[in-house]
Amino acid sequence: MNRFLLLVGLTAMVGLAAPAHAEPVGSDAAFLTQLTGAGLSHKGSDQVAISAGHSVCQLMDAGLTPMDTVVAVQTTNPGFTLQRAAEFARIAAQNYCPEHA
């Protein structure tokens, strides 16, 4: 139940993220470039995708298994297949929390 509440809370944070007007740099730019290279798109602005990427790390930091994290990504992005959600989570982990990659 606690994991579900964490997922709901993180999803709400991503949905409420204020749009950024600056061009992404550093790990954010690399993350977006890798998403594009993998053929992944995310609804909303670059900042929404970046926030979702950070949420992947927050979920794993909170104790979700990699598979539970992938399912959470797919649940909050119904257009993703399980494979695409796994790719999104992998790219997020590589860029934002390499200890989970």
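The questions and answers below walk through a predicted model of a protein.

Visitor: How many helices and how many strands does the secondary structure come to?
Guide: From the N terminus on, the elements run α-α-α-α-α. No β element appears in that order. The totals are 5 helices and 0 strands.

Visitor: What share of the residues is buried?
Guide: The protein has 101 residues. To count as buried, a residue needs under 20% relative accessible area. The buried share is 35%.

Visitor: What part of the exposed area do carbon and sulfur atoms supply?
Guide: The protein exposes about 5,800 Å². Of that area, carbon and sulfur supply 61%.

Visitor: Among contacts between residues at least 6 apart in sequence, what percentage join residues at least 24 apart?
Guide: Contact here means heavy atoms within 4.5 Å. Take the pairs at least 6 apart in sequence, then keep those at least 24 apart. The percentage is 66%.

Visitor: Which residues touch the most other members of the largest nonpolar core?
Guide: This core holds 21 residues. Four of its members touch the most others. They are Phe31, Leu35, Val56 and Phe88.

Visitor: Which element gives the largest share of this core?
Guide: Helices H2 (26-37), H3 (46-61), H4 (66-76) and H5 (82-96) each give two or more residues to the core. The largest share is 7 residues. That share comes from H5.

Visitor: Which residues is leucine 35 in contact with, leaving aside its neighbours within four places in sequence?
Guide: Leucine 35 is one of the core members that touch the most others. Phe88, another of those members, is also among its contacts. The full set is Leu40, Ala49, Phe88 and Ile91.

Visitor: Is asparagine 77 buried or exposed?
Guide: Asparagine 77 lies in the loop between H4 and H5. The cut-off for buried is under 20% relative accessible area. At 15% relative accessibility, asparagine 77 therefore counts as buried.

Visitor: Which backbone oxygen does the side chain of asparagine 77 reach?
Guide: The side chain of asparagine 77 makes a polar contact with the side chain of threonine 76, at 3.2 Å. It also reaches a backbone oxygen at 2.9 Å. That oxygen belongs to valine 73.

Visitor: What accessible area do Met67, Val71 and Leu82 have together?
Guide: These residues form a nonpolar patch on the surface. Leucine 82 sits in helix H5. Its relative accessible area is 35%, so leucine 82 is partly exposed. Together, Met67, Val71 and Leu82 have about 240 Å².

Visitor: Which side chains meet in a salt bridge?
Guide: A search of the whole structure finds 1 salt bridge. Its N to O distance is 2.5 Å. The partners are arginine 90 and glutamate 87.

Visitor: By how much of a helical turn are arginine 90 and glutamate 87 separated?
Guide: Arginine 90 is partly exposed at 38% relative accessible area. Glutamate 87 is partly exposed too, at 23%. Both lie in helix H5, and because they are 3 residues apart, the separation is about one helical turn.

Visitor: Which residues does alanine 101 contact, leaving aside its neighbours within four places in sequence?
Guide: Alanine 101 lies in the segment after H5. At 67% relative accessibility, alanine 101 counts as exposed. Its C-alpha is 8.8 Å from that of alanine 89, 12 residues away in sequence. The contacts of alanine 101 are Ala93 and Gln94.

Methods. Residues are numbered from 1 along each chain as its sequence is written. This is a predicted model: local features need pLDDT of at least 70, side-chain atom pairs count only at pLDDT 80 or more; totals for chains, interfaces and linings use all residues. Side-chain values use heavy atoms; hydrogens and water are left out. A nonpolar core is a set of buried Ala, Val, Leu, Ile, Met, Phe, Trp, Tyr and Cys residues joined through side-chain atoms within 4.5 Å. Buried means under 20% relative accessible area, exposed over 50%, partly exposed in between (1.4 Å probe, protein chains only). Helices (H or I, at least four residues) and strands (E, at least two) are DSSP runs, numbered from the N terminus. Accessible areas come from the Shrake-Rupley method with a 1.4 Å probe; for residues, only the protein chains shown count as cover. A polar contact is a pair of N or O atoms within 3.5 Å; within protein, one must be able to donate a hydrogen and the other to accept it, and residues adjacent in sequence count only if both atoms are side-chain atoms. Patches are made of residues with over 30% relative accessible area and no salt bridge: like charges are joined within 9 Å, nonpolar side chains (Val, Leu, Ile, Met, Phe, Trp, Tyr) within 5 Å. A salt bridge is a side-chain nitrogen of Lys or Arg within 4 Å of a carboxyl oxygen of Asp or Glu.
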